[in-house]
Each structure stands twice: as structure tokens, then as C-alpha cells.
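Reader: I should be grateful for a close reading of a single part of this model, followed by whatever else in the fold deserves comment. Please keep to what the coordinates support.

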Amino acid sequence: MRRIVSAVSGLTAHASTTAAPTATFLRGPRRWYASPSGGIKEALAAAIPAQQERLKKIKQAHGDKSLGEVTVNMAMGGMRGITGMVWETSLLDAEEGIRFRGHTIPDLQKRLPAAVEGGEPLPEGLLWLLLTGDVPTKAQVEGLSAELRSRAHVPQHVFDVLASLPKHTHPMTQFSVAIMALQTESKFAKAYAEGVHKTKYWEPVFEDTLDCIAKLPTVAAAIYRNTFKDGKLIAPDDTLDWAANFARQMGYDDEGTKELMRLYMTIHSDHEGGNVSAHATHLVGSALSDPYTSLAAGMNGLAGPLHGLANQEVLKWLNEVERDIGTDVSTERMTQFVWDTLKSGRVVPGYGHAVLRKTDPRYACQREFALKHLPDYPKFKLVSKLYEVVPGVLTETGKVRNPWPNVDAHSGVLLQYYGITEENFYTVMFGVSRAIGVLSQLTLSRAMGFAIERPKSVTSGWLEEKFGKP
């Protein structure tokens with residue numbers, strides 16, 4: 001315990017001396033908030049009135065119109081496919097995949113500023129886009145990076161809480177606990193207790209959003225170092241961007257891992273509002289719970305094996321394939337192995353998606369990354385061979401609507417190549433990224449005055465009375 005706390009003390013002392021960028025001060029509800037001149041808060045404040053007016057007009061003109069009927073299968077099948085939420089930051093199209101504020105992943109790889117020429121986009125640029133709706137300039141992204149660094153200090157009590165947990169505590173449990181421990185820093189909770197006007201809710205929520213996103217890499221890296229390494233924490237580098245600092249604090253200072261982290265943090269950030277982590281964050285936040293409490297709820301949902309743990313299941317299966325038949329095998333041998341897997345009553349993890357009807361663009365961009373940086377890696381060759389075989393086999397079964405790979409089919413292999421082999425930590429990394437999307441939307445939801453979520457439920461008896469007993 002003493003060694004961990006000592007290491008943390010050195011880290012937090014370093015973080016607390018980080019110089020803040022030049023700032024102007026905006027008067028918030030009974031509080032002063034600092035924001036870099038011409039920064040993201042000003043851009044968001046400028047964008048909000050037009051969006052408020054837009055939604056007001058939509059509600060006035062179309063408020064009574066139907067979005068479609070809900071079937072019994074939808075009600076009993078996890079509300080699958082029911083349109084019942086406005087989520088501005090992203091939209092999932094069955095054919096095109098995810099669009100962030102109308103932009104595809106290939107588009108953003110070209111348009112968002114990168115740390116290195118021709119490299120992966122900086123997640124800070126996506127954060128700016130999700131909040132404001134505008135593609136930022138290089139200078140704006142650099143300013144946002146500096147602002148996040150200025151907010152990155154993590155209070156000592158958060159590390160103390162983590163140090164008090166049993167050594168075998170799952171990393172996602174630690175992550176959720178740490179986020180709740182950060183809740184003591186919530187500016188929204190304080191502003192609400194002081195009587196902030198509802199039209200100003202978005203301002204302290206925005207502050208919490210940037211604060212939380214800024215601190216998560218340090219928190220997650222501490223979990224990684226304490227659980228899998230020697231417990232010695234690594235201080236951030238004030239010259240690095242948000243994702244690169246995350247890699248550094250985990251203990252990976254090479255350029256390849258930093259580039260992978262930039263890509264990973266960008267493509268896992270948001271996936272419209274209906275997935276469990278996004279919906280849980282939105283639901284809890286709709287009760288005016290602060291961003292920390294809301295995000296913790298979303299992370300508890302992400303921890304489920306049907307959601308954020310899927311990439312671990314993929315990697316376990318790939319290891320099984322590698323053990324049983326190797327990596328350099330014929331198409332015929334791989335095809336037979338896949339059929340054997342299906343006939344044993346198991347699924348092929350990493351293939352299929354609830355919405356998509358083609359290869360997940362997030363898979364495609366990871367494949368491009370692998371072709372560029374690790375084309376001869378045996379596990380990548382295995383993934384490529386599966387890409388050739390699995391869709392055809394699944395199509396032949398006649399039971400699969402989408403036989404194509406999703407994001408989880410590839411991400412674990414890239415992490416393994418760069419030495420991040422601890423599978424139980426992968427979902428924490430997913431959570432750090434997902435915070436960008438769900439907290440951006442939470443800020444917008446408060447700015448738009450969205451109501452508390454309260455769908456109607458019915459009993460099975462009600463269904464029998466309405467439609468008759470089968």
C-alpha cells in the first residue's frame with residue numbers, strides 16, 4: 001500500500017503543477033469557469049441557440065407524427081429497433097456504418113487533424129466535432145489538448161480508493177469505482193445544489209465532461225499499472241496529446257502504440273444512443289444525475305459480456321484457433337474449423353451486428369492500420385484468413401442477416417501486437433474512449449432541455465388481453 005501511494009503522490013504532484021493555458025473567464029451559475037480564449041466552450045455556446053431553435057421547430061411541426069409501430073417482438077426483444085431517442089453526436093446506418101455528426105470514419109481520417117503527417121486523427125478533434133458539429137482546425141485541436149492537460153489532475157483520494165480494493169478486483173469494477181470516487185469533483189452537482197437555472201445546466205455539465213474526459217487516462221493507466229505491472233505510476237508528458245499520454249502512462253512510449261491509441265480512442269467513442277453504455281448514460285443523466293454518476297452507469301453496462309467484453313471473447317477464440325490449427329493454414333482447413341465451431345453450438349465471435357449489414361467500417365480502418373504497420377504479424381494473418389472464410393460460411397447457414405466482421409474482430413489483435421496483452425483491461429480502454437461520445441451527448445441533452453426518460457411498460461397479461469392468448 002505504501003509503495004502505491006508513494007508512487008501516486010509523485011504523479012499527482014507532477015500533475016498539479018501543469019500550467020494552464022491562457023484563459024478568459026466566463027461567468028457561470030454562481031461560479032467562475034475558466035476556458036481558453038476562443039476555445040471549445042465558446043464554440044459550443046455559439047452553436048447551442050441555433051440547435052435549440054431547430055429542435056423547437058421540429059417539435060412544433062412534427063411533434064404528433066408517428067415514428068413507426070412497435071411490435072410485440074420489439075417489446076420482448078430488448079426494444080430492438082424502436083426509434084425513441086434523439087442522439088445528435090452519431091448515427092448508425094445499416095449500409096454505411098457509423099457517422100459522427102454526418103461524417104464517415106474514412107472522411108474523418110482525412111479531415112480531422114493528426115499528430116503526425118498522414119497519421120491517425122486526434123481524438124480531441126472528434127470531441128470538438130461531437131460537441132459543436134464543426135470539424136476543428138489544427139489550432140483548435142491543439143488548444144483543446146492543452147485544456148485537457150490542464151484538467152488532468154486526479155485527486156489523491158481516487159488513488160487511495162483504488163489502492164484499497166482487493167488485488168483481484170476486475171479492472172472494469174475498479175474503473176467504475178474510480179469514476180464514482182471522482183464524483184466529489186462534480187461542478188454540476190455543486191451548481192445544482194446552489195440553485196442553477198435550468199437553462200444553464202449545460203455549462204457545469206460541460207465542465208464536468210471535459211474534466212472527466214481529461215482525468216480518465218490517468219485513472220485507467222493507474223488501474224493498468226497497479227493490476228498488471230509493478231504499481232509504479234507514470235506521470236503524463238505535457239507535450240503529448242490526450243491519447244498519446246494514455247499510452248505513455250500505461251508504459252508504452254513508442255510511436256506505434258501512440259498512433260494505435262489515437263485510432264482506438266477515436267473509433268470506439270460513440271455508436272449512436274441505443275447501445276447499452278450510451279443508453280445507460282443517457283437514462284441516468286436524464287434524471288439530472290451528474291456526469292460522473294451517469295458515466296459510471298454506462299460503464300457498468302459496458303462491462304457486460306454482450307457489450308464491451310466482446311473483444312475479449314474474440315481474442316480468446318483466436319487463441320484457440322491458433323492453438324488448434326495454427327496461423328498459416330489453408331482456406332479449406334480454416335473453413336472446416338469454422339463449420340466445426342458452429343456445429344458444436346458456439347458462435348464465431350466478432351462477426352455479425354444488430355444494425356450493420358456490411359463490414360463494420362471500424363473493422364476496415366483497423367485492417368488498414370494493420371496492413372500499414374504490422375502486415376506480417378501472424379495473428380493479423382489469421383484475422384485476414386477468417387475474413388476470407390467466415391462470411392461465406394455464415395451466409396451458407398441461412399441464419400445470419402449480417403455475416404460480416406464488426407469492430408471487435410480486429411481490435412484485440414492490434415493491442416496484442418504492441419504488447420498490451422492483458423485482455424481484462426481491454427474494456428477499460430473501450431470505456432475511456434466511449435466517454436467522449438456519451439458525455440458529449442449528455443452535455444447537448446442538458447443544453448436542449450431533454451426530459452427525464454420514462455418509457456411505458458406492459459405486462460404479459462396485458463399482451464394476452466389485447467391480442468388474445470396463443
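In which order do the three strands of the open sheet stand, and with what pairing?

Author: The model is predicted, and what follows should be read on that footing. The open sheet has the strand order S3-S4-S5, and the pairing is antiparallel. Strand S3, residues 90-93, and strand S5, residues 103-104, stand at the edges; each has a single partner strand, so one side of each is left without a neighbour in the sheet.

The pairing can be followed residue by residue. S3 and strand S4, which covers residues 97-100, are joined in the antiparallel sense over four bridges. Within this pairing, Ser90 is placed opposite Phe100 of S4, and Leu92 is placed opposite Ile98 of S4. The two strands make a hairpin, with three residues between S3 and S4. On the other side of the sheet order, S4 and S5 pair over two bridges, again in the antiparallel sense. Here Phe100 stands opposite His103 in S5. Phe100 therefore has a facing residue in each of the two pairings, Ser90 in one and His103 in the other. S4 and S5 also form a hairpin, with two residues between them, and Arg101 in that turn has a positive phi of about 50 degrees.

Beyond the sheet, the charged side chains merit attention. Side chains of opposite charge can pair when their charged atoms come close. The structure holds 21 salt bridges. One of them joins Asp211 and Lys187, with an N to O distance of 3.1 Å. Asp211 belongs to helix H10 (residues 202-228) and Lys187 to helix H9 (residues 187-193), so this pair ties together parts that are 24 residues apart in sequence. Asp211 counts as buried because its relative accessibility is 6%; Lys187 is likewise buried, with a relative accessible area of 19%. Both residues also belong to a network of salt bridges that links Lys41, Glu147, Arg151, Lys187, Lys200, Glu203, Glu207 and Asp211.

Glu147, a member of that network, is one of the buried residues of helix H6, together with Val141, Leu144, Ser145, Ala146 and Leu148. Helix H6 runs over residues 138-150, and its 13 residues should span 18 Å at 1.5 Å a residue; the end C-alpha atoms are 19 Å apart, which agrees.

A salt bridge within one helix is formed by Glu259 and Arg262, whose closest N and O atoms are 2.8 Å apart. Both residues lie in helix H12 (residues 255-267), three residues apart, about one turn of the helix. Glu259 and Arg262 are both buried. Lys379 and Glu322 form a further salt bridge, with the closest N and O atoms 2.8 Å apart. Since Lys379 lies in helix H18 (residues 378-397) and Glu322 in helix H15 (residues 310-325), the pair ties together parts that are 57 residues apart in sequence. Lys379 is buried, at a relative accessible area of 11%, whereas Glu322 counts as partly exposed at 26%.

Lys381 is also found in helix H18. Lys381 is partly exposed, with a relative accessible area of 44%. Leaving out residues up to four places away in sequence, Lys381 touches Pro375 and Asp376. The C-alpha atoms of Lys381 and Thr327 are separated by 6.9 Å, although these residues are 54 apart along the chain.

Asp408, in helix H19 (residues 408-417), presents another situation. Asp408 is buried yet has no salt bridge, and the nearest side chain of opposite charge, that of Arg362, is 6.4 Å away; a salt bridge would require a side-chain nitrogen within 4 Å of a carboxyl oxygen. Apart from neighbours within four places in sequence, Asp408 is in contact with Ala310, Asn311 and Val314.

Finally, the nonpolar interior. In soluble globular proteins, nonpolar side chains tend to be buried together. The largest nonpolar core in this model has 114 residues, and those with the most contacts inside it are Phe175, Phe246, Met250 and Met429. Helix H10 supplies the largest share of this core, 14 residues. Leaving aside neighbours within four places in sequence, Phe175 is in contact with Leu216, Val219, Ala220, Ile223, Met299, Val428, Gly431 and Val432.

How values were computed: Residues are numbered from 1 along each chain as its sequence is written. This is a predicted model: local features need pLDDT of at least 70, side-chain atom pairs count only at pLDDT 80 or more; totals for chains, interfaces and linings use all residues. Side-chain values use heavy atoms; hydrogens and water are left out. Two strands pair if DSSP finds at least two bridges between them. Buried means under 20% relative accessible area, exposed over 50%, partly exposed in between (1.4 Å probe, protein chains only). Lys and Arg count as positive and Asp and Glu as negative; His and the chain ends are not counted. Contact means heavy atoms within 4.5 Å. A nonpolar core is a set of buried Ala, Val, Leu, Ile, Met, Phe, Trp, Tyr and Cys residues joined through side-chain atoms within 4.5 Å. The expected span of a helix is 1.5 Å times one less than its number of residues.
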